[in-house]
Amino acid sequence: MPEEEDLVDQQKRMTFPNPLLVVVSGPSGVGKSTIVAELARRHPQVVPIVTATTRARRQGEIHGVHYHFLARDEFGDLRDGGGLLEWAEVHGEWYGTPVDQVRGILAAGRDAILTIDPQGARQVRAAVPDALLLFVKPPSMKDLTERLVGRGSESQESLERRRRDAEQWMADTADYDHVVVNETGHPDEAAELIWEIIQAEARREPPRRPRV
Ligand code: 5GP
């Protein structure tokens, strides 16, 4: 449950809405989705955007909840019709952010949060300069490898590719406003850290004004 102080903060934010577009990026397997789900559970001011992908559904994933799972031609139509805020090929599949969802959340005075790869984060920065960009890092490469292996969903080839991408991305975080380390087994701590960052950024002068 949110603390009383958070509720007061949220009420103030609702009276004087200054919604943020928050991008959470970082390597595959670092725990971005878990952290963002925990953040949204604790702080309903923050709303995760369900993005679109052409990759196959993993066991337990639900269409419209984890992703909008689209065929390549459906994805292509959405993209070509200007329906995506950003899109990228990640690990050989297409992923993109439906712009209407982002507009709807911001118009409602809530913070829209995107969990996307660094190519997407860069596009959001270019399209929406006032977006808040966060990069989530693992404590070490060894830790990241263990998490990817533990997930059990990657082939050896896909694992190698994700490791290579991770090393490259972690070496170049200059575009981001903040870097957060997801300590093993503590997504709640990373979620709270991100919430504190969001609260501080929402009170910033001059305010961020994300135009989408
Ligand atoms: P996964 O296949 O493991 O769910 O996701 C692979 C990567 O794609 C993750 O880094 C995830 O954050 C990223 N991703 C998910 N949705 C989007 C999106 O809409 N745009 C971009 N650029 N990346 C995304």
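Four strands make up an open sheet of mixed pairing, in the order 4-3-6-5. Here strands (E, at least two residues) and helices (H or I, at least four residues) are DSSP runs numbered from the N terminus, and two strands pair if DSSP finds at least two bridges between them. Strand 4 (68-69) and strand 5 are the edge strands, each with a single partner strand, so one side of each has no neighbour in the sheet. Strands of a sheet pair through backbone hydrogen bonds, in either a parallel or an antiparallel sense. Strand 3 (residues 52-53) runs parallel to strand 4, with two bridges between them. In one of these, A52 has H68 of strand 4 as its bridge partner.

The model is predicted: local features need pLDDT of at least 70 and side-chain atom pairs pLDDT 80 or more, whereas totals for chains, interfaces and linings use all residues. Residues are numbered from 1 along each chain as its sequence is written, and side-chain values use heavy atoms, with hydrogens and water left out.

The sheet also leads to the ligand, since strand 5 (84-90) and strand 6 (93-98) each supply at least two residues of the shell around the ligand. There are 17 residues around the ligand, and R55, Y67, E86, Y95 and D117 come nearest; a residue counts as near if one of its heavy atoms lies within 4 Å. By class, the shell holds five nonpolar, five polar and seven charged residues, where Ala, Val, Leu, Ile, Met, Phe, Trp, Tyr, Cys and Pro count as nonpolar, Asp, Glu, Lys and Arg as charged, and the others, Gly among them, as polar.

Several side chains approach the ligand through N or O atoms. In D117, such an atom is 2.7 Å from a nitrogen atom of the ligand. Oxygen atoms of the ligand lie 3.1 Å from a polar side-chain atom of K32 and 3.3 Å from one of R162. The protein buries 95% of the 510 Å² that the ligand exposes when taken alone, areas being computed by the Shrake-Rupley method with a 1.4 Å probe.

A final feature concerns the backbone. Most peptide bonds are trans. The bond joining E205 and P206, however, is cis, with omega about -10°. P206 is placed in the segment after helix 8 (187-202).

Terms used
Polar contact = N/O pair within 3.5 Å; in protein donor to acceptor, adjacent residues only side chain to side chain.
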